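Trainee: I would like a close look at one position in this model. Please set that position in its surroundings too.

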Amino acid sequence: MSFASALHDRGFQLALLGQLIYAAPFSAVIVFGALFERHGYGMTVAQVQVAFGLFFVASFAVRLALASRSQIRHKVGWLKVAALTTIAGLVLLASGHSGVQLMVAMAVLGIPHGLTFPLAMALVAERRGHRELASLNAHIYAVLQVVSMALPPLLGATIAAAGFRVAFLLLILPVVVCGGMLQWRAGPRGSAPLPPLVNC
């Protein structure tokens, strides 16, 4: 399936927007997060490693919760949760000054990292046959690679001009835009109440 054809598929549109919600913040955290933590927070190398450890532990816990469910309902609703937690994490990271605030921010940012990928892949697979999944997933990865290559120079220039905190706050804009487009494309179905993430 060509990229132009894929763009006409509603499931692909929602999956792509879901991934783009977190694409820019994730790229920023991976490329510039350690530098921000060292120079903006005065963290040691060991403390930076702990912060990233919390990030990936939170992500793993969320993916484990998703894997425990045989079927994920209200995928768009959970992607909206990912958008809100991304915004909260970016605000905490940009406004915090203590080590505790940094650790909390990194843990919060790990939540959408755990949510977006499996939910997006589930949306792609929802209405498409197995033969088309490889092509659709490749298109999503191609777009994400463009973002991951284009963002670092832009963010680096912003950091040089305005500092780490302003640069990370500006990342809220693409989250809001992609989240708003996701809600618009999902329509009324995207406003359904969320079930528990794990069965109690």
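Does Lys75 count as buried or exposed, and at what relative accessibility?

Mentor: First, a caution: this is a predicted model. Now your residue. Lys75 counts as buried, because its relative accessibility is 12% and the cut-off for buried is under 20%. Lys75 lies in helix α4. Beyond four places in sequence, Lys75 touches Leu119, Ala122, Leu123 and Glu126. There is also a distance to Leu14 to note. The two C-alpha atoms are 9.6 Å apart, with these positions 61 residues apart along the chain.

Step back to the whole chain. The protein chain has 200 residues, and 46% of them count as buried. Eight helices and zero strands make up its secondary structure. The order along the sequence reads α-α-α-α-α-α-α-α. Take the contacts with a separation of 6 or more: 82% of them join residues 24 or more positions apart. The accessible surface is about 9800 Å². Carbon and sulfur atoms hold 71% of that surface.

Now the interior. The largest nonpolar core has 59 residues. Within this core, Leu93, Ile140, Leu155, Phe168 and Leu171 touch the most other members. At least two core residues come from each of α2, α3 (45-67), α4 (75-95), α5 (99-125), α6 (130-162), α7 (164-170) and α8 (172-186). Helix α2 gives the largest share, 14 residues. Leu171 shows what such a position touches. Its contacts beyond four places in sequence are Ala24, Pro25, Ala28, Leu90, Leu151 and Leu155. Leu155 is thus both a contact of Leu171 and one of the core residues that touch the most other members.

Next, the helix that comes before yours. Helix α3 has 23 residues. From first C-alpha to last, α3 reaches 33 Å. That is close to the 33 Å expected at 1.5 Å a residue. Its buried residues are Val48, Ala51, Phe52, Phe55, Ala58, Ser59, Val62, Ala65 and Leu66. The cover over these buried residues includes α2 and α5.

Leu115 gives a concrete case of α5 meeting α3. Leu115 lies in α5. It counts as buried, since its relative accessibility is 2%. It touches Val62 and Leu66, along with Trp78, Val81 and Ala82, when residues up to four places away are left out. Both Val62 and Leu66 are among the buried residues of α3. The C-alpha atoms of Leu115 and Val62 are 6.6 Å apart, although 53 residues separate them along the chain.

Stay on α5 and move to Thr116. This residue is in helix α5. It is buried, as its relative accessible area is 3%. Setting aside residues up to four places away, Thr116 touches Gly18, Gln19, Tyr22, Leu79 and Ala82. Ala82 therefore appears in the contact lists of Leu115 and of Thr116, whose own 3% puts it among the buried.

Gln19 takes up the other end of one of those contacts. Gln19 is found in helix α2. It too is buried, because its relative accessible area is 7%. Its contacts beyond four places are Thr116, Phe117, Ala120, Met121, Ile140 and Leu144. Ile140 is one of the core residues that touch the most other members.

One more stop on α5: Ala105. Its place is in helix α5. At 0% relative accessibility, Ala105 counts as buried. It touches Gly89, Leu92 and Leu93, with sequence neighbours up to four places away not counted. For Ala105 and Leu92, 13 residues apart along the chain, the C-alpha separation is 5.3 Å. Leu93 is again among the core residues that touch the most other members.

Finish on the surface, for contrast. Ile30, Val31 and Phe56 make a nonpolar surface patch of about 240 Å². Val31 sits in helix α2, residues 10-39. It counts as partly exposed, because its relative accessibility is 39%. Gln19 is in α2 as well, and there the residue is buried at 7%.

Back to your position, then. Lys75 is in α4 and counts as buried at 12%. Its contacts beyond four places remain Leu119, Ala122, Leu123 and Glu126.

How values were computed: Residues are numbered from 1 along each chain as its sequence is written. This is a predicted model: local features need pLDDT of at least 70, side-chain atom pairs count only at pLDDT 80 or more; totals for chains, interfaces and linings use all residues. Side-chain values use heavy atoms; hydrogens and water are left out. Patches are made of residues with over 30% relative accessible area and no salt bridge: like charges are joined within 9 Å, nonpolar side chains (Val, Leu, Ile, Met, Phe, Trp, Tyr) within 5 Å. Accessible areas come from the Shrake-Rupley method with a 1.4 Å probe; for residues, only the protein chains shown count as cover. A salt bridge is a side-chain nitrogen of Lys or Arg within 4 Å of a carboxyl oxygen of Asp or Glu. Helices (H or I, at least four residues) and strands (E, at least two) are DSSP runs, numbered from the N terminus. Buried means under 20% relative accessible area, exposed over 50%, partly exposed in between (1.4 Å probe, protein chains only). Contact means heavy atoms within 4.5 Å. A nonpolar core is a set of buried Ala, Val, Leu, Ile, Met, Phe, Trp, Tyr and Cys residues joined through side-chain atoms within 4.5 Å. The expected span of a helix is 1.5 Å times one less than its number of residues.
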